[in-house]
Amino acid sequence: MRVNIHHMSVQDLEKIFQDKIDADIRIEPKDWMPDAYRKTLIRQMSQHAHSEIVGMLPEANWITRAPTLRRKATLIAKVQDEAGHGLYLYAATETLGAGREELLEQLHTGKAKYSSIFNYPTLTWADMGAIGWLVDGAAIMNQVPLCRASYGPYARAMVRICKEESFHQRQGFEILLTLSKGSAGQRRMCQDAIDRWWWPSVMMFGPNDDASPHTAQSMQWKIKRFSNDELRQRFVDICAEQVKILGMTIPDPDLKWNEQRQHYDFGAIDWDEFWNVVKGNGPCNKERLAARVRAHEEGAWVREAATAHAEKRELKKDRA
Amino acid sequence: MTHSTALIHYTLHLADDGLILGHRNSEWTGHGPILEQDIALSNIALDLIGQARNFYQYAAELINIGGLSGPSNISNPAMGPGLSDGPRSPVTEDQLAYLRDGWDFKNCLLVEQGNGDWAKTILRQFLFSAYQTTLYEKLAQSRDKTLAAIAAKSYKEGVYHLRWSSEWVIRLGDGTEESHTRMNNALDELWKFTGELHTAATYELETAAKAISPDLSTLQPLWKEKVKEVFDEAGITYPPSVWMQTGGKEGRHTEHLGYVLAEMQFLQRAYPGCEW
Ligand SMILES: [Fe+2]
Ligand SMILES: [Fe+2]
Ligand SMILES: [Fe+2]
């Protein structure tokens, strides 16, 4: 039976929508959806897309200095993967009616956010390992549940992305493992990178649950499946074990196994730092955004030329 | 059988071309004018570095087979300071890429030139790919089976690079007044480095004589035809002959290469003898 939505009240439509979600039936681009759902998705997905694109910069910073040919090739491939993730996500966001140009404009004017983690600098080669292990690791923790997100195009994009992210994570860990077995200088590099990336990575899960206003609604819409603190705990538990394989330490004196909770306890997060980096006061906020804006502005004549050429070709075809 | 110095030099020359151009292209990664094209150019960088690795691995094999009786003028600089004395450990692809100095690099001057704007990067790739595809097509018939195999495999990648860069040369040449001007400026900067592509280095004369590598003078007309065809479609005038710069293939480079190597080799130099 085909339902004519024009004869239905908003309440009816909302009920059908929520019933579908409750029954784990995917919402597709042509389906009716509440405005707030659409807006929340556009915000979340474009923010994710921007993160992939801005996230290329800290790692691209080491491509020309990668220490071996194999590492150079895998690092280029990794950064290229992130560009691909950005593409999938921009395409998925377009199905909600938000075009790439418009979204980029929001990024470049600072209206849209991206993950704060990319506002930290990459100072040594070991950062390529720490980013893979911790940053891609935290991203996976956040994103695997999104493979079951209620919005179809988003969920499908996340399936492809998560496969590659877990590859990145293993690669990053392997970089650190190699360093951990290396010279004194390399081991120092390894520990230093873990020291610098640990807390920013723990912050990637966002504010504590009691300070996270969107969580309840997003859970009901199934565009979020676990709370920030649940995911963070899972991340800490895994990393606390993995760091032992490296023979390195996590820079948290309060990190301790809690037999009763069957989880690791960990120290207080510096939310002052978190909110400052979000607001633009991180070590690289200005450089990262400037690099994106520069690439876009310096590319303007290229895009114009491509359009002009395509138009001229169309014209020729029409005349022929 | 010990392999000739010429074959080792020639293999390193092929490797260095790929590595340096791949490295240059990878400087764009994350900064491209269009996301899709950022990915495309990174992909070309990956192909070129992959090709370079195949050639370096083969060069290392040749050097290692040569053993102590091998050509000392290669193995010593190739292995870098401190590694050439005492018991010799086998040379690796990474030592060849990361521990030789500029005068041992045998890449063409064209590939080490700075990226400039998108027009210059595109034109550099196009001029090189037009050369590389004609070279690989012939090299696939080399009497040296390893070089032939690498060339055959790399040829397919080169054809894609040539198609991609040709399309961009046409797009920019034809597009807007600005893009046309930028293409001409790029041509003005790069043209003087194209003569070297078809000027044989001493080791190339030797490898050509042994049917290991093609006679470069036979490739030149094919290259010119290809370039002219694309320039015509792009509305760009094929430049008149000018005084050409040469020397890269013999180790005499422009000032650019030193900076490329300083950056690329930094970790291997600062932390010698490490696994990465
Ligand atoms: Fe991601
Ligand atoms: Fe990604
Ligand atoms: Fe990743």
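What follows is a chat about the contacts, salt bridges and cysteines of a two-chain predicted model.

Colleague: Before we start, what are the ground rules for this model?

Modeller: It is a predicted model, so local features need pLDDT of at least 70 and side-chain atom pairs count only at pLDDT 80 or more, while totals for chains, interfaces and linings use all residues. Residues are numbered from 1 along each chain as its sequence is written, chains are lettered from A and ligands numbered from 1 in the order in which they are written, and side-chain values use heavy atoms, with hydrogens and water left out.

Colleague: OK, the interface. How many residues of chain B are in contact with chain A?

Modeller: On the chain B side 47 residues are in contact with 46 residues of chain A. Contact here means heavy atoms within 4.5 Å.

Colleague: And what area is buried between them?

Modeller: About 4000 Å², with carbon and sulfur atoms giving 69% of that. Buried area is the accessible area (1.4 Å probe) that two parts lose on being put together, summed over both.

Colleague: Which three residues of chain B supply more of it than any other three?

Modeller: Leu35(B), Leu46(B) and Trp276(B), which supply 18% of the area that chain B buries against chain A.

Colleague: What about polar stuff across the interface?

Modeller: The rule finds 16 residue pairs in polar contact there, both residues at pLDDT 80 or more. A polar contact is a pair of N or O atoms within 3.5 Å; within protein, one must be able to donate a hydrogen and the other to accept it, and residues adjacent in sequence count only if both atoms are side-chain atoms.

Colleague: Which element of chain B gives the most to that side?

Modeller: α2(B), with 11 residues. Helices (H or I, at least four residues) and strands (E, at least two) are DSSP runs, numbered from the N terminus.

Colleague: How does that side split by class?

Modeller: The side of chain B that touches chain A has 22 nonpolar, 12 polar and 13 charged residues. Ala, Val, Leu, Ile, Met, Phe, Trp, Tyr, Cys and Pro count as nonpolar, Asp, Glu, Lys and Arg as charged, and the others, Gly among them, as polar.

Colleague: How many salt bridges are there between the chains?

Modeller: The count between chain B and chain A is 2. In one of them, Arg100(A) pairs with Glu36(B), with the closest N and O atoms 2.4 Å apart. The rule is a side-chain nitrogen of Lys or Arg within 4 Å of a carboxyl oxygen of Asp or Glu.

Colleague: And over all chains, how many?

Modeller: The count comes to 27 salt bridges. One of those is Arg225(A) with Asp24(A), at 3.4 Å from N to O.

Colleague: Why does that pair tie together parts of chain A?

Modeller: Arg225(A) lies in the loop between α9 (215-220) and α10 (228-246) and Asp24(A) in the loop between α1 (10-22) and α2 (35-54), so the pair joins parts that are 201 residues apart in sequence.

Colleague: Are those two buried or exposed?

Modeller: In between: Arg225(A) is partly exposed at 21% relative accessibility, and Asp24(A) is partly exposed at 49%. Buried means under 20% relative accessible area, exposed over 50%, partly exposed in between (1.4 Å probe, protein chains only).

Colleague: Any in chain B?

Modeller: Arg24(B) bridges to Glu27(B), the closest N and O atoms being 3.0 Å apart. Arg24(B) is buried at 9%, while Glu27(B) is partly exposed at 27%.

Colleague: Which residues of chain A are linked in a network?

Modeller: Glu59(A), Lys78(A), Glu82(A) and Asp136(A) are linked by salt bridges.

Colleague: Switching topic: how many disulfides?

Modeller: The structure holds 0 over all chains, a disulfide being a pair of cysteine sulfur atoms within 2.5 Å. For Cys190(A), the nearest cysteine sulfur is that of Cys274(B), 13 Å away. Cys190(A) is buried at 0% relative accessibility, and Cys284(A) is buried at 8%.

Colleague: Last one. Where is Ser129(B) found?

Modeller: In helix α6 of chain B, where Ser129(B) is buried at 0% relative accessibility. Not counting residues up to four places away in sequence, Ser129(B) touches Gly158(B), His161(B), Leu162(B) and Ser165(B). Ser129(B) and Ser165(B) are 36 residues apart in sequence and 8.1 Å apart in space, C-alpha to C-alpha.
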